[in-house]
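Me: I'm new to this one and want to know what the labels on it rest on. Can you take me through them step by step?

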Amino acid sequence: MNHLQPSSSSPINKEVNVSSSLFNTVLNISPINKSETLSTKDQTQYEEYPNLCISDSPAKNSTEEIDLCGRRIVNILNLFEEIKNIDNHEPFDCSFKNMIVIGEKRIGFKSIFTFKCSMCKIKKTVSTENNIFMPINTSAVIGVLNIGRGYSQLQEFMSAMEVPTIHIKTYQYNFQIV
């Protein structure tokens with residue numbers, strides 16, 4: 001039984017057609033009966049597209065939510081205070097649990113997260129540090145210089161901890177003010 005047959009489409013593009021029954025058997029997939037999922041009107045609309053796969057499942061993420069990865073350096077007291085400030089906001093008395101992360105602006109090691117309420121659509125920001133202490137970027141440059149190292153070692157160290165590192169220009173700027 002030969003399931004692979006060369007296509008006779010064009011001499012330039014040699015395609016290989018694979019029998020769908022082979023995949024149905026190997027993967028244990030049953031074909032979708034379009035009459036079960038589409039109305040008669042919808043069926044005629046898509047008849048010219050026999051390979052079209054139609055799904056009526058909801059979109060995975062219809063909002064602007066972003067996926068965050070890695071770790072961040074935070075001033076934990078400041079972070080909790082800022083979260084408390086955006087909790088229980090007006091006009092519907094929404095809470096932090098209704099907020100989704102829609103953006104992150106990184107300024108070296110400092111991050112500013114933008115949240116959007118899924119109920120009232122209000123946008124709020126939360127910063128990983130405040131202006132009371134020495135800026136984290138300056139602190140990092142001072143720390144790495146105090147141990148006799150430089151930008152490359154700082155990058156390696158942060159990379160090992162999965163923390164996004166600072167750009168060379170940010171490092172040089174903070175080096176100049178130290």
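Reply: Sure, let's begin with salt bridges: the term means a side-chain nitrogen of Lys or Arg within 4 Å of a carboxyl oxygen of Asp or Glu. Keep in mind that this is a predicted model, where local features need pLDDT of at least 70, side-chain atom pairs count only at pLDDT 80 or more, and totals for chains, interfaces and linings use all residues. Residues are numbered from 1 along each chain as its sequence is written, and side-chain values use heavy atoms, with hydrogens and water left out.

Me: What makes Lys84 and Glu81 a salt bridge?

Reply: Their side chains meet at 3.2 Å, N to O, and the limit is 4 Å, so the pair qualifies. Both residues sit in helix α4, three residues apart, about one turn of the helix. Helices here are DSSP runs of H or I with at least four residues, strands are runs of E with at least two, and the numbering starts from the N terminus.

Me: Why is Lys84 called exposed, and Glu81 partly exposed?

Reply: Exposed means over 50% relative accessible area, buried means under 20%, and partly exposed is in between (1.4 Å probe, protein chains only). Lys84 has 55%, so it is exposed. Glu81 has 34%, so it is partly exposed.

Me: How many salt bridges are there?

Reply: Three. Another joins Lys116 to Glu64, with the closest N and O atoms 3.0 Å apart. That pair links distant parts of the chain: Lys116 is in strand β4 and Glu64 in the loop between α3 and α4, 52 residues apart. Lys116 is buried, because its relative accessible area is 17%, while Glu64 comes out partly exposed at 43%.

Me: What makes Arg72 and Glu104 a pair that ties parts together?

Reply: Their side chains meet in a salt bridge at 2.6 Å, N to O. Arg72 lies in the loop between α3 and α4 and Glu104 in strand β3, so the pair ties together parts that are 32 residues apart in sequence. Glu104 is at 24% relative accessibility, so it counts as partly exposed.

Me: How do you know that β4 and β5 pair?

Reply: Two strands pair if DSSP finds at least two bridges between them. Strand β4 (residues 110-117) and strand β5 (residues 123-127) have five, in the antiparallel sense. One example is Phe113, whose bridge partner in β5 is Val126. The hairpin has five residues between the strands, and Lys121 takes a positive phi near 70 degrees there.

Me: Why does Asn137 count as buried?

Reply: Its relative accessibility is 8%, so it falls in the buried class. Asn137 is found in helix α5 (residues 136-146). Contact means heavy atoms within 4.5 Å. Leaving aside neighbours within four places in sequence, Asn137 is in contact with residues including Ile107, Phe109, Ile166 and Asn174.

Me: What makes up the nonpolar patch on the surface?

Reply: Leu145, Tyr173, Phe175, Ile177 and Val178, with about 490 Å² of accessible area together. Those areas come from the Shrake-Rupley method with a 1.4 Å probe, and for residues only the protein chains shown count as cover. Patch members have over 30% relative accessible area and no salt bridge; nonpolar side chains (Val, Leu, Ile, Met, Phe, Trp, Tyr) are joined within 5 Å, like charges within 9 Å. Helix α7 (residues 168-177) gives the most to the patch, with three residues.
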